[in-house]
Amino acid sequence: MLPIIEALLAAIGSIIIGGVAPVIEAIATALGAPSLKSKPSSQTYSARLRQLTSLLEKSSAEVDKILRELASVTSERAESIEKLESELARLENKEQSIRAHIATLERTPVAVAEHFAELLEPIERASRRRDFKLFVAGVVVTTIISIVIKFLLP
């Protein structure tokens, strides 16, 4: 019984493959792929050689173009990496400077810091007074201008 089933399955497979192969060939031909049953070329050897040489030159030009683009991108990446490395070095130097400054401030006695704050307090107070005076002057000038415009322009 098993050999009969194998024979039937082989027959069904052959029918399916035989029916699908022409459809695949038609699709491949429609998409521009060369036919599986290619016919011998009617071109002469020199014409075919010229055609192949031309195709090789076009392909070589495309490869050269791609290589130039790759080189350009690579050089741009290298430049950006160099910039990032120099920026990193600059930031590391700045970090060291800030760390040294913090270390100096940590060694400063509290009494000295309080004295320094007391020295700066009158300057800050004068700055606040000046800012308030400028604010009031701005409000007064704006009010005068709006009144003048209201009465002068109908």
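**Charged pairs and surface patches in a predicted model**

Student: In which helix is the place of valine 139?

Tutor: In this predicted model, valine 139 has its place in a helix that covers residues 110-152. The helix that holds valine 139 is H3.

Student: Is valine 139 buried, partly exposed or exposed?

Tutor: Buried requires under 20% relative accessible area and exposed requires over 50%. Valine 139 has a relative accessibility of 40%, so this residue counts as partly exposed.

Student: About how much accessible area does the nonpolar surface patch with Val139 have together?

Tutor: Membership of a patch requires over 30% relative accessible area, and valine 139 has 40%. The other members include Phe132, Phe135, Ile144, Leu152 and Leu153. Together, the residues of this nonpolar patch have an accessible area of about 1100 Å².

Student: How many salt bridges does the structure hold?

Tutor: A salt bridge is counted where a side-chain nitrogen of Lys or Arg lies within 4 Å of a carboxyl oxygen of Asp or Glu. Among the pairs that satisfy this is arginine 130 with aspartate 131. The number of salt bridges in the structure is 3.

Student: How far apart are the closest N and O atoms of glutamate 87 and arginine 90?

Tutor: Both residues lie in helix H2, where a spacing of 3 residues places them about one turn of the helix apart. Glutamate 87 is partly exposed at 34% relative accessible area, and arginine 90 is partly exposed at 42%. The two form a salt bridge, and their closest N and O atoms are separated by 2.5 Å.

Student: Which residue forms a salt bridge with arginine 99?

Tutor: The partner lies in helix H2 along with arginine 99, 4 residues away, which is about one turn of the helix. The partner is partly exposed, with a relative accessible area of 36%. The closest N and O atoms of the pair are 2.8 Å apart, and the partner is glutamate 95.

Student: What is the distance between the closest N and O atoms of arginine 130 and aspartate 131?

Tutor: Arginine 130 is partly exposed at 48% relative accessibility, and aspartate 131 is likewise partly exposed at 41%. These two residues form a salt bridge. Their closest N and O atoms lie at a distance of 3.1 Å.

Student: Which residues gather in a patch of negative charge on the surface?

Tutor: One of the members, glutamate 85, has its place in helix H2, residues 45-107. Like charges are joined into a patch within 9 Å. The residues gathered in this negative patch are Glu76, Glu79, Glu82 and Glu85.

Conventions
Residues are numbered from 1 along each chain as its sequence is written. This is a predicted model: local features need pLDDT of at least 70, side-chain atom pairs count only at pLDDT 80 or more; totals for chains, interfaces and linings use all residues. Side-chain values use heavy atoms; hydrogens and water are left out. Patches are made of residues with over 30% relative accessible area and no salt bridge: like charges are joined within 9 Å, nonpolar side chains (Val, Leu, Ile, Met, Phe, Trp, Tyr) within 5 Å. Accessible areas come from the Shrake-Rupley method with a 1.4 Å probe; for residues, only the protein chains shown count as cover. Lys and Arg count as positive and Asp and Glu as negative; His and the chain ends are not counted. The place of a charge is taken as NZ of Lys, CZ of Arg, CG of Asp or CD of Glu. Helices (H or I, at least four residues) and strands (E, at least two) are DSSP runs, numbered from the N terminus. Buried means under 20% relative accessible area, exposed over 50%, partly exposed in between (1.4 Å probe, protein chains only).
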